[in-house]
Amino acid sequence: MSVILRKRKNADGSISLRLDIYNNGQRKIETLTNLKLSKVSNISDRIENKKLMEDAKVIRAARAAELEANNYNMVSDAGKKTIITVWMQTFIDGYTKKDKRNMQGALNRFADYLIEIKKPGLTFGNLSALIIEDFIDYLEANSTGEGAASYYSRFKKMIKQAYRKKLMKENVLDFVERKVKGKAKKKDTLTLEELKILSATPTESSEVRRAFLFTCVTGLRWCDIKTLKWKNIKIDSKQMEVTQSKTGESVTTPLNETAIKLLGKAENPDKDVFVLPTANGANKTLKAWVKRAKIQKAITWHNGRHSFGTNLIFNEVDVLTASKLLGHTSLKHTQRYVKAAEAMKQMATDKINFDL
């Protein structure tokens, strides 16, 4: 019973990595397709190849632990040897669902927590309910809104999977009495009046201005507007067709006159519609722009999407239509905009109070 990491040189000079897994007289080969080593031509290639080899060794160790657990049917033997964060990383590497980025975030926070308590090499054999309850406290102290609950939910998913893989005798989660608290943090949105003020306020980047206002009238996320191509835009029919990076859902959005003006003249289909800096750079420019406009709200790029959804509901667009325009996979995601729109209406009526 063993798991051996092997290399195979390819005709183009690259090297494929695979695991030879021997168990009960049988041999199984697992090719690590995402960890191919490139032909070394410079220092950066050598550094990248070294990183890929380390990743491969982590996967090999995890496969060996799983094999041992299944072979002996004694979870304590494998669990005592398997480092939790190492196993979780291999699980995430092979994870294909839409919340993969959130799963990685949960692992990153658990790894930071283990460093803080000086137990970075914690194994499943030493994982206790008390450690998990302290991790919940750590999440709540270092997260805002419903972030703690979101990360803990993903953490539990991985722990349950490890239990199913027989890396623990008992599901340690059954003994955790601590509950995660935390409500969603209220997100600022821009009203149509504020968008007009912002539009009329000078900013250091015309591209950031154009792209952010486009987000506010289409609901595009940063990751989608950053990669938006002219082939996604149908000027003649005034429509935009985008496959959302986050959900994989294809969304067709009608473009109003404001959006058309912001786009300007169509260019090469494969060219980016907006030439933007990094997310941090764009948000830094946006923050300065909002401050210059004297709008007293905390606005990041994602608040532009929230502004779009809230303004739809505020202007009497039904929830189902708003959900489709936003590309939501569930109506529950759209309900947050209903609450925000109701708050906006309350603020609007408060402005016409007078003394009796």
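**Notes on a pocket, a helix and a small sheet**

1. Let's start with the second largest pocket: 16 residues line it, and those nearest its centre are Leu192, Leu195, Val217, Asn256 and Thr258. Helix 7 (192-199), helix 8 (206-218), helix 10 (257-263) and helix 12 each give two or more residues to that lining. Keep in mind that this is a predicted model.

2. As for what the pocket holds, the space in it comes to about 370 Å³. Its lining residues split into eight nonpolar, five polar and three charged.

3. Helix 12 (residues 301-314) deserves a look of its own. With 14 residues at 1.5 Å each, this helix should span 20 Å, and its end C-alpha atoms are indeed 20 Å apart, so the two agree. Just after helix 12 comes Glu316, which has a positive phi, near 70°.

4. Is helix 12 largely enclosed or largely open? Twelve of its 14 residues are buried, so the rest of the structure largely encloses it. Among the buried ones are Trp301, Arg305, His306, Phe308 and Leu312.

5. Now over to the N-terminal part of the numbering. Three strands make an open, antiparallel sheet in the order 1-2-3. Strand 1 (2-9) and strand 3 (26-31) are the edges: each has a single partner strand, so one side of each has no neighbour in the sheet. On average, neighbouring strands here are turned by 25° against each other, ignoring direction.

6. Strand 1 and strand 2 (residues 15-23) run antiparallel and are joined by eight bridges. If you want a pair to find on screen, try Val3, whose bridge partner in strand 2 is Ile21.

Technical notes:
Residues are numbered from 1 along each chain as its sequence is written. This is a predicted model: local features need pLDDT of at least 70, side-chain atom pairs count only at pLDDT 80 or more; totals for chains, interfaces and linings use all residues. Side-chain values use heavy atoms; hydrogens and water are left out. Two strands pair if DSSP finds at least two bridges between them. Helices (H or I, at least four residues) and strands (E, at least two) are DSSP runs, numbered from the N terminus. Axes are lines fitted to C-alpha atoms, for helices over the stretch in contact, and angles run from 0 to 180 degrees between N-to-C directions. The expected span of a helix is 1.5 Å times one less than its number of residues. Buried means under 20% relative accessible area, exposed over 50%, partly exposed in between (1.4 Å probe, protein chains only). On a 1 Å grid over the protein atoms alone, a cavity is a set of points where a 1.4 Å probe fits but cannot get out, and a pocket is an open set with protein on both sides within 12 Å along at least five of seven lines; lining residues have an atom within 4 Å of a point. Grid points are joined across faces, edges and corners, and a volume is the space filled by probe spheres set on the points. Ala, Val, Leu, Ile, Met, Phe, Trp, Tyr, Cys and Pro count as nonpolar, Asp, Glu, Lys and Arg as charged, and the others, Gly among them, as polar.
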